[in-house]
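The following exercises are to be worked with the sequence and the coordinates at hand. Each task is followed by a stepwise solution.

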Amino acid sequence: MDQMIQAGQQSHPIFRRAVVDLGSNSVRLVIYEGELRNPMQIFNEKAVLRLAKGMTSTGRLKEEALVQAETVLHRYAAIARAMGAGQVDVLATSAVRDAVNGQEFVEAMMKRLPDLRISILSGEQEAVYSAEGVLCGIPGADGMLADLGGGSLELIRLEAGKVGQAATLPVGVIRLADQAGEDIGRARAVMDEALSGVAFTSEAAGKDLYLSGGAFRALARIHIAQTGYPLNIVHHYTINRDEARDLAGVVSEGGRKLIERMPGVPRRRIEDLPYAAVILRRLLRATGAARVVFSANGLREGWFSRLLPPTIRAEDPLLAASRDLVRGMVRDANLPRALVSWTAPLFANETHGQKRLREAACWLSDIGSHEHPEYRAEQAFMRVLRQAGMSLDHHARAFLALATAVRYEAQAEAGFLAPARALLDMQAAKRAETLGTALRLAYTLSAGTPHLLAGTALTLQPGRLVLGLDEANGVFAGDAVLRRLERLALMLGREAETLIKS
């Protein structure tokens, strides 16, 4: 049952839900707040227990690991209670599912810790949850999802945002190391044999290979650090087939000492990385995928999304993320919709994707209203670029951040804009700057109110950008308005003109 708590002095209830991913390598508690299209984490803690270690030979979870698991689960139940999340859903995956003493462990935990509701997921359930979690953050994904844990590898065919065929293979990073006797050459053969039984891998040829799971994300962090990529965010990080193949080759063949010297390497993943790299390289060969896209979403987000009402699940994730980010910050909640209509004449030939970005920028356009005036542009830029919204790819982050900074009159040469400029081509950057300039003009005219904005309109005419003003509505063409109109007209390659209706 979802728990409602009072947040500070607020009178409305806030929903909090707690989930524990009891995996073969680690156990993690995540607490989500609110019923939002993009899951909002307010707490995240992980403990590395390596439950699957040694299971290949014994078939059992080690007693010392079970004692540690009980300690960790007791703490997680206490945290969830203290944070008002109530009952905790524990999703037990490959190690518990396959262990001879897995069911015995679950029954003991539920008896000792009544706040826990433990479910042992089947391989099919784990695959579906993982796929729905990835689609929550990357709607429309098309290709193959590989969700890698310590005990198993889930492969799921994603078909234009729909979940297709799935298979579970007992070759997580810990099990693969055990089966191969910690020999990389043998690990390649084990992987080839495991993948030979999955007929649908070739359906991803020329499409994307989506990677989820901690070991895969560690590979992404290495690549981000090595290449000096301008945004240290794994989710939606995308590299081409050759880059992924080269990365996997270096990590799988370089040895522990080389891996330890690599920038960005999570210390607790050093043992797993060579086997994750072997798995990645074999997947590239089996699928023929053109690109690799890393996902921070997976099992837990899939669990969360299933609890949402259908109306929320159906929301446009990009627009929902933008609205959620500015909740409580905007001065007039009706203005963004008015801005969408007001800016439309400037972008008559935009694609559907470009229109969504423009709408999102309109929602974000008042995000700096409470910041210090001297730092408003930079603070707004960073808040948008680095937001937790899971449905923004890196291009969208850069576009929206640049448009927002220009809306607050960031200087074109400002150093803090460098990440966005590095991520956008010249055409996209110019479009973001044009939109930001238009939004700046809109706020100058309207004082951030839809009533005043309604007395103005922009029209594109041959060679001219015409600003219509209805002075009866309380707007007029002062110096600031004329200066910003000239700037916008220049960006559009037109002459500025003002048409006043008295």
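**Exercise 1. The nonpolar cores**

Task: In this predicted model, determine how many residues the largest nonpolar core has and which residues have the most contacts inside it.

Solution.
Step 1. The largest nonpolar core comprises 88 residues, and Leu153, Leu209 and Phe216 have the most contacts inside it.
Step 2. Domain 1 (16–121) and domain 2 (124–301) both contribute residues to this core, so the core lies between them.
Step 3. Another core, of 63 residues, lies apart from that one; Leu335, Trp342, Leu364 and Val481 are among its members.
Step 4. For phenylalanine 216, neighbours within four places in sequence are set aside; the contacts are then Ala146, Leu148, Leu211, Ala276, Ile279, Leu280, Leu283 and Phe294.

**Exercise 2. Division of the chain**

Task: State into which domains the protein chain is divided, and set this beside the spans that UniProt lists.

Solution.
Step 1. The division gives domain 1 (16–121), domain 2 (124–301) and domain 3 (316–500).
Step 2. Between the C-alpha centres of domain 1 and domain 3 the separation is 45 Å.
Step 3. An unreviewed UniProt entry lists "domain: Ppx/GppA phosphatase N-terminal" for residues 39–309. In the model, this span is 48% helix and 19% strand, and its end C-alpha atoms lie 13 Å apart.
Step 4. The unreviewed UniProt entry also places "domain: Exopolyphosphatase C-terminal" at residues 319–497. Here the content is 54% helix and 9% strand, with 33 Å between the end C-alpha atoms.

**Exercise 3. Strand β3 and its partner**

Task: Establish how many residues of strand β3 (residues 26–33) are buried, and describe the pairing of β3 with β4.

Solution.
Step 1. Eight of the eight residues in β3 are buried.
Step 2. Ser26, Arg28, Val30 and Tyr32 point one way from the strand, while Val27, Leu29, Ile31 and Glu33 point the other way; all are buried.
Step 3. β3 and β4 run antiparallel and are joined by seven bridges. One of the pairings sets valine 27 against alanine 47 in β4.
Step 4. Isoleucine 42 belongs to strand β4 (residues 41–48). Its relative accessibility is 31%, so isoleucine 42 counts as partly exposed.
Step 5. Beyond four places in sequence, isoleucine 42 touches Arg16, Ile31, Glu33 and Met83. The C-alpha atoms of isoleucine 42 and valine 30 are separated by 7.7 Å, with the two residues 12 apart along the chain.

**Exercise 4. A hairpin and positive phi values**

Task: Describe how β8 and β9 are connected, then decide whether histidine 236 is buried or exposed and whether alanine 447 is buried or exposed.

Solution.
Step 1. Strand β8 (residues 153–159) and strand β9 (residues 162–169) run antiparallel, joined by six bridges. Glutamate 154 has threonine 168 in β9 as its bridge partner.
Step 2. The two strands form a hairpin with two residues between them, and alanine 160 in the turn has a positive phi of about 50°.
Step 3. Histidine 236, in the loop between α8 (214–227) and β11 (238–240), has a positive phi near 75° although not a glycine. Its relative accessible area is 12%, so histidine 236 is buried.
Step 4. Alanine 447, in the loop between α20 (426–446) and α21 (450–453), likewise has a positive phi, of about 55°. With a relative accessible area of 53%, alanine 447 is exposed.

**Exercise 5. Proline 263**

Task: Locate proline 263 and name the residues with which proline 263 is in contact.

Solution.
Step 1. Proline 263 occupies the loop between α10 (256–261) and α11 (273–287). Its relative accessible area of 37% makes proline 263 partly exposed.
Step 2. Setting aside neighbours within four places in sequence, proline 263 is in contact with Arg221, Ile222, Ala225 and Gln226.
Step 3. Serine 26 is 237 residues away from proline 263 in sequence, and their C-alpha atoms are 23 Å apart.

**Exercise 6. Cysteines**

Task: Determine how many disulfides there are, and state how buried cysteine 136 and cysteine 362 are.

Solution.
Step 1. The criterion is a pair of cysteine sulfur atoms within 2.5 Å. By this rule the count is zero.
Step 2. Cysteine 136 is buried, at 5% relative accessible area, and cysteine 362 is buried, at 0%.

Key: Residues are numbered from 1 along each chain as its sequence is written. This is a predicted model: local features need pLDDT of at least 70, side-chain atom pairs count only at pLDDT 80 or more; totals for chains, interfaces and linings use all residues. Side-chain values use heavy atoms; hydrogens and water are left out. Buried means under 20% relative accessible area, exposed over 50%, partly exposed in between (1.4 Å probe, protein chains only). UniProt positions are given in the numbering used here, feature names are shortened, and annotations may be inferred rather than shown by experiment. Helices (H or I, at least four residues) and strands (E, at least two) are DSSP runs, numbered from the N terminus. A nonpolar core is a set of buried Ala, Val, Leu, Ile, Met, Phe, Trp, Tyr and Cys residues joined through side-chain atoms within 4.5 Å. Domain bounds come from an automatic or database domain assignment. Contact means heavy atoms within 4.5 Å. Two strands pair if DSSP finds at least two bridges between them.
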